[in-house]
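These are my notebook entries on one chain and its ligand. I set down what I looked up, in the order in which I looked it up.

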Amino acid sequence: MTPATTDDRPPIVVIGAGPAGLGAAWTLAHAGERICLVERDTQAGGLCRSLRRGALTVDLGAHYLSTELPEVRGLIAALLGDEVLRLRRLTGFFWRGRHHAYPPRLPELARHLPPGELAGFVTGLVRARLAPGDADSHAATLRAHYGAPLYDAFFAPYLRKVWGMDADELDPGTQSGRADGSFGLWLAARWRALMHGADAGRHDAEVFYPPDGIGSFYEAIAGWLRAQGHELRMGREVVAIEHADGRITGLRLRAADGEESHLPCRGLLSSMPLRLLATRLSPALPAPLLADAGALRMRSTVLVYLVQRDTRPFPEHSVYVTDAGLGMTRLTNFTNWSPRLMPGPGLTCLCCEYWCDAGDAVWTADEAALVTLAREELAAMGLADDAPPIDSFVVRLAGTHPVLDRAGRAARERLGAALDGFGNLVVTGRGGAFGHLDQDRALVDGIEAARRLLAKPAAGGMAPPAPARDGPVPGDQPS
Ligand SMILES: Cc1cc2nc3c(=O)[nH]c(=O)nc-3n(C[C@H](O)[C@H](O)[C@H](O)COP(=O)(O)OP(=O)(O)OC[C@H]3O[C@@H](n4cnc5c(N)ncnc54)[C@H](O)[C@@H]3O)c2cc1C
């Protein structure tokens with residue numbers, strides 16, 4: 001094993017072994033820094049980790065890794081090589097009581113929609129193109145692009161169930177291109193494809209997928225860091241972040257058994273949720289900033305998994321469930337991703353995704369009730385397996401999607417500015433920087449955050465550039 005560095009100063013600490021934290025750690029390691037990565041979970045990957053249950057492997061809902069970003073493509077090539085499936089993204093959507101394959105066919109839609117409504121969609125779209133109007137909310141952005149009739153019929157009900165509020169209350173930045181992390185813009189692209197007859201797949205038509213689950217990509221990055229001699233403290237939660245004179249000086253960590261330890265730190269790159277970071281600073285932030293942190297909202301996700309014998313209820317990887325009458329937002333069939341995930345031939349595992357607020361009725365429902373709900377909704381979609389599932393289980397994920405509500409914009413900006421005042425702290429990632437980053441964007445955000453940290457004057461005096469070491473190099477190697 002090659003020692004990471006002979007530098008005996010405190011390490012740069014990275015919080016979180018999700019895509020952003022691992023992207024940051026990778027970059028810092030390549031810059032010759034001694035790093036210590038701290039992760040609450042025992043497994044790498046964050047929300048992109050894969051779960052193993054006996055011989056079954058599943059991801060936390062569908063996890064499409066599609067990217068044109070050279071850094072991410074370079075990492076995939078370097079770490080997975082030929083051991084990655086290149087899938088053609090197969091998706092469908094369930095709308096108005098009917099399953100639609102993607103790309104949708106105009107004749108098929110014309111058969112199922114009242115002619116007046118379809119004409120209204122097209123007229124609205126043309127009007128929006130001619131006079132797009134102001135985009136001061138997420139809803140306004142979509143109306144400006146697609147016209148009010150299509151927005152009202154298709155997007156509004158879906159976005160309400162996804163975000164738990166009207167999209168008029170959400171920031172226009174809620175979905176900014178591929179960095180959106182939710183489904184509205186994805187669906188918008190499909191509509192655009194329908195209207196323009198183009199292949200909306202574009203950059204996201206090709207999906208990279210490790211045959212043993214998306215998490216194995218992130219485990220490979222963690223493995224590379226270990227092999228380079230860097231320290232990964234897994235199963236350790238950051239419970240306090242100490243600072244003095246505008247610099248982060250150390251962290252207090254707690255293991256699952258309650259054992260506490262102290263970690264001195266020279267620079268901090270954090271991908272833990274922003275609200276948590278703000279409330280764990282010691283000494284505490286002034287009360288108005290703590291109130292700002294308290295105003296940050298995150299949606300949560302409940303995942304219901306059903307193992308069954310009917311392996312082909314639908315041919316796609318996933319189906320987006322846009323019907324307002326159904327609580328489910330997305331449905332995934334893991335056999336269609338990689339048969340190696342399954343515990344045996346002739347079996348599949350479906351995953352039903354429900355967006356919710358921690359503490360609401362879906363979040364607090366017991367496992368049996370959630371399995372029943374999922375099976376009833378599958379039956380309503382005509383996708384139910386008559387036989388009871390061979391196995392079923394539920395995973396609750398708190399705080400998966402930052403809510404960029406307009407009401408909270410000022411609070412987010414104040415908090416961001418205050419944290420930026422720390423000379424050796426940079427926040428990154430979906431929850432860390434509070435933005436809708438898909439995994440490829442989160443990886444690159446981590447890479448860029450590491451570069452920003454190295455450039456911060458108060459974080460200066462870091463290790464001199466290290467000589468090149470053996471090991472994979474991303475497409476765009478960090479300088
Ligand atoms: C249901 C679902 C479906 C998704 N589908 C897709 C998809 O199809 N395609 C796609 O590209 N993306 C998808 N995503 C988004 C993707 O998971 C995220 O973009 C990505 O995981 C963000 O990476 P991150 O590193 O910013 O955050 P995370 O993955 O959340 O990582 C943050 C890490 O910080 C750790 N942490 C938090 N607090 C502490 C603490 N106090 N101490 C120590 N460690 C801490 C956490 O345990 C976690 O490991 C999906 C997400 C969900 C929830």
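**Entry 1. Ligand shell.** I began with the surroundings of the ligand in this predicted model. There are 39 residues around the ligand, and those that come nearest are Gly 16, Gly 18, Gly 46, Gly 61 and Gly 429. I then asked which helices and strands each supply at least two residues of the shell. They are helix H1 (19–30), strand S2 (35–39), strand S10 (236–244), strand S19 (391–403) and helix H14 (439–455). By class, I recorded 17 nonpolar, 14 polar and eight charged residues in the shell.

**Entry 2. The five-stranded sheet.** I next followed S2 into its sheet. Five strands make up this open sheet, ordered S9-S2-S1-S13-S20, and their pairing is parallel. Strand S9 (231–234) and strand S20 (425–427) are the edges, each pairing on one side only. From one strand to the next, the twist averages 15°. I looked at one pair in detail: strand S1 (residues 12–15) runs parallel to S2 and is joined to it by four bridges. Ile 12 has Ile 35 in S2 as its bridge partner. H14, already noted for its part in the ligand shell, lies across strand S13 (267–270) and S20. The direction of H14 is at about 160° to S13. Angles over 145 degrees count as roughly antiparallel, so I entered H14 and S13 under that heading.

**Entry 3. The four-stranded sheet.** S10, another contributor to the ligand shell, led me to a second open sheet. Its four strands come in the order S12-S11-S10-S14, and the pairing is mixed. Strand S12 (260–264) and strand S14 (281–282) are the edge strands, and each pairs on one side only. Between strand S11 (residues 247–255) and S12 I found five bridges in the antiparallel sense. Within that pair, Arg 254 stands opposite Glu 260 of S12.

**Entry 4. A hairpin.** Strand S3 (residues 50–53) pairs with strand S4 (residues 56–59) over four bridges, in the antiparallel sense. Ser 50 has Asp 59 in S4 as its bridge partner. How many residues separate S3 and S4 in this hairpin? There are two, and Gly 54 in the turn has a positive phi of about 60°.

**Entry 5. A helix pair.** I then examined helix H5 (residues 138–146) and helix H6 (residues 148–163), whose axes come within 7 Å and cross at roughly 125°. H5 and H6 are therefore oblique to each other. Their crossing is right-handed. From H5, the residues in the contact are Ala 139, Leu 142, Arg 143 and Tyr 146. These meet Ala 148, Leu 150, Tyr 151 and Phe 155 of H6. I counted the contact by class as seven nonpolar residues, no polar ones and one charged.

**Entry 6. Backbone exceptions.** Most residues other than glycine have a negative phi, and most peptide bonds are trans. I therefore looked for departures from both patterns. Arg 96 has a positive phi of about 55° although it is not a glycine. I located Arg 96 in the loop between strand S6 (91–95) and strand S7 (98–101). Is the peptide bond from Ser 282 to Pro 283 cis or trans? That bond is cis, with omega near 0°. Pro 283 has its place in the loop between S14 and helix H10 (287–294). S14 is the edge strand I had entered for the four-stranded sheet.

How values were computed:
Residues are numbered from 1 along each chain as its sequence is written. This is a predicted model: local features need pLDDT of at least 70, side-chain atom pairs count only at pLDDT 80 or more; totals for chains, interfaces and linings use all residues. A residue is near a molecule or strand if its C-beta atom, placed from the backbone, lies within 6 Å of it. Ala, Val, Leu, Ile, Met, Phe, Trp, Tyr, Cys and Pro count as nonpolar, Asp, Glu, Lys and Arg as charged, and the others, Gly among them, as polar. Two strands pair if DSSP finds at least two bridges between them. Axes are lines fitted to C-alpha atoms, for helices over the stretch in contact, and angles run from 0 to 180 degrees between N-to-C directions. Angles under 35 degrees count as roughly parallel, over 145 as roughly antiparallel, 65 to 115 as roughly perpendicular and the rest as oblique. A crossing is left-handed if the near helix is turned anticlockwise from the far one by less than a right angle, and right-handed if clockwise. Two residues are in contact if their C-beta atoms, placed from the backbone, lie within 7 Å.
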